Amino acid sequence: MTAIALGFVPEPITVSLDRILPSRKVPAGLATSRKFRQVKSSIEEVGLIEPLSVAALDAASGHHLLLDGHVRLVALQALGHASASCLVAKDDEAYTYNNRINRLSTVQEHFMIRRAIERGVSQERLAKALGVDVSQIAKKVNLLEGICPEAVELFKDRQFSVELGRVLRKMKPTRQVECAELMLSANNLTVAYAEALLVATPAHALVSDKRARKITGVTPDQMARMEREMANLQGQYRLVEQSYGQDVLNLVLAKGYLIKLMENALVAKFLKAKHPDMHEQFVLIAAAVSLD
């Protein structure tokens, strides 16, 4: 087997900030954004955790081109740092390194905060490092309290609001899993959607055996109909999930067949003359770059 070539030099180097050239312009209003405040607070409290990614030194100018870490660079400059730890890439490709990063999920963040607290780091220091209120740290610590392991497993790679746990823990484990599957299928992990599912949850599936507060302005008949439609929707999602892979394969094969068909000049000419509407749709399908 051939060895896998590293994309960067393993050992970081220290580079003066005035020798680092950004590869893109930072967006307007960055200094007032929540993300910037969090990065700045983190660097101020615990230092630079992730080194900047730069291209190899340009012999003519004596500068490194910054490939990833523009927000960190601005934060370092704002804090008065003179240099930064950098990883030197072995190539200078025009893609952002963010495309190769797996962002920290909410569940992973929860475990990291719990581990830090167990090792003696105070919630106040964590809040300052992350640029958030102490109450948010407390919510992150208790994020999975009352959530069944099966639901946690479904959410483990996703990012969502810490308020989602508050809604889910009002349901019994089976219902938690059902709602998690539905939210992931709909790609909607918002608190508002979770609360709508909570309202539509039968009393026997709630922890307190007491119906959730009804939505103002909704009659009992409308609520009952919404519950039936929600149950029907869940069933439809499960059916779609079972056949999704085969359906996508069939669509890819059909598109390939249509592309070959439209490449035949005689067939294309016949369709255009006899069936212009069909010809137009075939052209659109053949030109499509995705299955959306």
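Modeller: A residue counts as buried under 20% relative accessible area, as exposed over 50%, and as partly exposed in between. The model here is predicted. In it K156 has 34% relative accessibility, so K156 counts as partly exposed.

Colleague: With which residue does K156 form a salt bridge?

Modeller: Side chains of opposite charge can pair when their charged atoms come close. In this structure K156 pairs with E153, and their closest N and O atoms are 2.7 Å apart. E153 has a relative accessibility of 44%, so E153 is partly exposed as well.

Colleague: How many salt bridges does a search of the whole structure find?

Modeller: The search finds eight. One of them joins the side chains of E163 and K139, at 2.7 Å from N to O. This pair connects distant parts of the chain, since E163 is in helix α7 and K139 is in helix α5 (residues 134–141), 24 residues apart. K139 is partly exposed, at 37% relative accessible area.

Colleague: Which other side chain meets E163 in a salt bridge?

Modeller: R166 does, at 2.8 Å from N to O. Here the partners are three residues apart in helix α7, about one turn of the helix. R166, at 31% relative accessibility, is partly exposed. When salt bridges share residues, read them as a network. K139, E163, R166 and E195 are linked in this way.

Colleague: Now the helices. At what angle do α1 and α4 pack?

Modeller: Look at the angle and at the distance between the axes. Helix α1 (residues 34–46) and helix α4 (residues 123–130) pack at about 130 degrees, and their axes are 6 Å apart. An angle over 145 degrees would count as roughly antiparallel, and 65 to 115 as roughly perpendicular. The angle between α1 and α4 falls in neither range, so the two helices are oblique to each other. On the α1 side the contact is made by Q38, S41, S42, E45 and V46, and on the α4 side by R125, K128, A129 and L130. By class, three residues of this contact are nonpolar, three are polar and three are charged.

Colleague: How are α3 and α5 placed relative to each other, parallel or perpendicular?

Modeller: Start from the angle again. Helix α3 (residues 106–118) packs with α5 at about 105 degrees, the axes being 8 Å apart. With that angle, α3 is roughly perpendicular to α5. From α3, the residues E109, H110, I113, R114 and I117 meet I137, K140 and V141 of α5. This contact has four nonpolar residues, one polar residue and three charged residues.

Colleague: What lies in the loop between α4 and α5?

Modeller: D133 is found there. Its relative accessible area is 49%, so D133 is still partly exposed. D133 and Q123 are ten residues apart in sequence, with 9.6 Å between their C-alpha atoms.

Colleague: Which residues touch the most other members of the largest nonpolar core?

Modeller: A core is read through its contacts. This one has 26 residues, and F155, F160, L164, L168, M171 and M183 touch the most other members. At least two residues each come from α6 (149–155), α7 (163–168), α8 (173–185) and α9 (191–199). Leaving aside residues up to four places away in sequence, F160 touches T106, V107, L143, F155 and L189. Another core lies apart from this one, with 17 residues, including V15, I43, A75 and C86.

Key: Residues numbered from 1 in each chain as written. Predicted model: local features only at pLDDT ≥ 70, side-chain atom pairs only at ≥ 80, totals over all residues. Heavy atoms only, no water. Core = buried A, V, L, I, M, F, W, Y, C linked by side-chain atoms within 4.5 Å. Buried < 20%, exposed > 50% of the residue type's maximum accessible area, 1.4 Å probe, protein only. Helix = DSSP H or I, 4+ residues; strand = E, 2+ residues; numbered from the N terminus. Contact = heavy atoms within 4.5 Å. Axes fitted to C-alpha atoms, helices over the stretch in contact; angles between N-to-C directions. Parallel < 35°, antiparallel > 145°, perpendicular 65-115°, else oblique. Nonpolar A, V, L, I, M, F, W, Y, C, P; charged D, E, K, R; others polar. Salt bridge = Lys/Arg side-chain N within 4 Å of Asp/Glu carboxyl O.
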